[in-house]
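Open the model in your viewer and get ready to select residues by number. We will go from stop to stop, looking at what is there each time.

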Amino acid sequence: MSTTTTPRGAAGAPAAAPSAAERGPSWGTLLVLLAGVFITTLDFFIVNVAIPATQADLGASAAAIQWVVAGYGLALAALLITGGRLGDMVGRRRMYMTGMALFTLASAACGLAGNPEVLIAARVAQGAAAALLMPQVLGIVNTVYTGQHRARAFMAYGLTLGFAGVFGQLIGGGLIEIDLFGLGWRSIYWINVPVGIAALLVTPRLVPESRGARGTRLDFAGVLIVTSAMIAIVLPLVQGREQGWPLWTWLSLAAAPLLVAGFVRYQRRRAERGGTPLIDMVMFRERSFSAGLGVMLAYQLAMASFFLVLALYLQMGHGMSALDSGLLFVALGAGYFLGATQAEKLAKRLGRQVLTLGALLTAFGYGVLAETVGSTGVTGSVGWLIPGLIVSGYGMGVALAPMSAIVLAGVSERYAASAAGVLNTAQQVGNALGVALVGIVFYGELGAGLDANDYAHAFTWALIPLVAFCAATALLVQLLPRRASGGQAGEQEVMIPAG
């Protein structure tokens, strides 16, 4: 029988071995979880750089291309909270693996798509699978990590989101340029398959199982109503311009507020009867949350839509390759990470106004880009775009890094999990809705797009609503309660359970 030597303290007594909490959990666990976060976030943004090649190969219309982007975000937004509830009920690791398996299959389906309709359906399936996967990550992190380990895990989580979002265009451009096995644009989807398979193989060994409180029930009717409301808004906005705004588009838009009102009423009645509502409406009584939700929604309107129209301008207007346009996004990424690294210091000094600063800097960067493109069109060097991209990226980093923490810091602990889920949902709704709204302006000004300069003209006009969304964000920040410091918000963030 083997023996072990136990170190002794100064008094000769055996020294206590470091506890599990002191040693911290295996960082392999976090690596596996962040792999899921990375590919699901990446797939929202990576498609932008592949849009021209996809459109040419599949013969897709402008509306179909918007659905390739927005369909993913819409499905993700509609099912995020339900995904979190399923994890609480059947086990977070099990639901993470289920989401990863479905996401991998849906990615393969995207790579095999032979027409726009199949690609859109597969993208919606991707978004639904991501909704099952993503909420489990925060839940598992809160269960596995404590103290400083948890703080570092959340920092890694935030950096992963930012890296996947900002550098998705570069990664996509590189994959298309390499043209592995002649896959072209399809490689941006196929790359998820080996990552997903590897994650599924190691997850049972590295990720512990956990569940939420007992008594959780699914609100299927709530999911159906809120999903119908989202579709009633986004569908006519995407299809309406191309079809000449027929009657059904206006009827759909008119039905949307009625569906939202019906959803609110149903949720309240379900709570009064002792059921588990999808969203507890009581938390909207807290001004910090209701105003903060508006801040998140308004700012996200100006995010994914910007990446889409910029990629189209660079590739279709300037004739840049997917890789070259992706490389230009590095300027945006550099600004983003510079802003993100300084956001905590700025938040301590400015409190909630750090969000105002970030939104206005983003708007200023967009304005610089509009002026630059208006002057150079598609004949000037794309290098002139770099200053505007750096400023825009810096503003994004300053605004996004502390936004969730500041908004959620004033929410009662009782509603922390639900509030986090709703905030994440608002983020995805904003992305999908922004693509639809800005797409109306961009494609409306583009017309037939027979001349390369048409893309410069359309891009310049599309920047106008983006600036307006950022300005609206700055105004909505003023409705948030005053707080002495944004630093406390950062501490609050790491204590938020999964939604």
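Start by selecting Leu180, which sits in the loop between helix H8 (168–178) and helix H9 (187–190). This is a predicted model, so treat every value on this tour as computed from it. Is Leu180 buried, partly exposed or exposed? Leu180 counts as partly exposed, because its relative accessible area is 46%.

Now add Ile178 and Phe181 to your selection. Together with Leu180, these residues make a nonpolar surface patch of about 390 Å². Phe181 belongs to the loop between H8 and H9, and its relative accessible area of 75% makes Phe181 exposed. Look at the backbone here too: Phe181 has a positive phi of about 55°, although it is not a glycine.

Select Asp179 next. Asp179 is found in the loop between H8 and H9. What is the sign of phi at Asp179? Phi is positive, about 55°, and Asp179 is not a glycine. With a relative accessible area of 35%, Asp179 is partly exposed.

**The whole view**

Zoom out and colour by secondary structure. You should find 20 helices and 0 strands. The protein has 499 residues, and 54% of them count as buried. Its accessible surface comes to about 20700 Å², with 64% of that belonging to carbon and sulfur atoms. Here is something to keep in mind as you trace the chain: among contacts between residues at least 6 apart in sequence, 84% join residues at least 24 apart.

**Helix H2 and helix H3**

Select Thr29, whose place is in helix H2 (residues 27–45). Thr29 is buried, at a relative accessible area of 3%. Which residues does Thr29 touch, not counting those up to four places away in sequence? The answer is Tyr145, Leu206, Val207 and Pro208.

Move along to helix H3, residues 47–58. H3 has 12 residues, yet its end C-alpha atoms are only 14 Å apart, whereas a straight helix at 1.5 Å a residue would reach 16 Å. Try showing the side chains: the buried residues of H3 are Val47, Asn48, Val49, Ala50, Ile51, Pro52, Thr54 and Leu58. After H3 comes Gly59, which has a positive phi near 65°.

**Ala304 and its contacts**

Keep Asn48 on screen and select Ala304, which lies in helix H14 (residues 304–317). Ala304 is buried, with 0% relative accessibility. Leaving aside neighbours within four places in sequence, Ala304 is in contact with Phe44, Phe45, Asn48, Asn431 and Val435. Use your distance tool for one more pair: Ala304 and Gly165 are 139 residues apart in sequence, but their C-alpha atoms are 9.0 Å apart in space.

**Salt bridges**

Side chains of opposite charge can pair when their charged atoms come close. How many salt bridges does a search of the whole structure find? The search finds 4, and we will visit some of them.

Select Asp88 and Arg92, which form a salt bridge with their closest N and O atoms 3.0 Å apart. Asp88 is buried at 18% relative accessible area, under the 20% cut-off. Arg92 is buried as well, at 11%.

Next, select Asp219 and Arg270. Their salt bridge has its closest N and O atoms 3.8 Å apart. This pair links distant parts of the chain, 51 residues apart: Asp219 is in the loop between helix H10 (192–206) and helix H11 (220–243), and Arg270 is in helix H12 (residues 247–272). Asp219 counts as buried, at 2% relative accessibility.

Then go to Lys348 and Glu344, whose side chains meet in a salt bridge at 3.8 Å, N to O. What separates them along helix H15 (residues 322–350)? They are 4 residues apart in this helix, so about one helical turn lies between them. Lys348 is partly exposed, at 46% relative accessibility, and Glu344 is exposed, with a relative accessible area of 53%.

**Last stop: the cysteines**

Finish by selecting Cys110 and Cys470. Cys110 is buried, with a relative accessible area of 0%, and Cys470 counts as buried, also at 0% relative accessibility. How many disulfides does the structure hold? The count is 0.

Conventions
Residues are numbered from 1 along each chain as its sequence is written. This is a predicted model: local features need pLDDT of at least 70, side-chain atom pairs count only at pLDDT 80 or more; totals for chains, interfaces and linings use all residues. Side-chain values use heavy atoms; hydrogens and water are left out. Helices (H or I, at least four residues) and strands (E, at least two) are DSSP runs, numbered from the N terminus. The expected span of a helix is 1.5 Å times one less than its number of residues. Buried means under 20% relative accessible area, exposed over 50%, partly exposed in between (1.4 Å probe, protein chains only). Patches are made of residues with over 30% relative accessible area and no salt bridge: like charges are joined within 9 Å, nonpolar side chains (Val, Leu, Ile, Met, Phe, Trp, Tyr) within 5 Å. Accessible areas come from the Shrake-Rupley method with a 1.4 Å probe; for residues, only the protein chains shown count as cover. A disulfide is a pair of cysteine sulfur atoms within 2.5 Å. Contact means heavy atoms within 4.5 Å.
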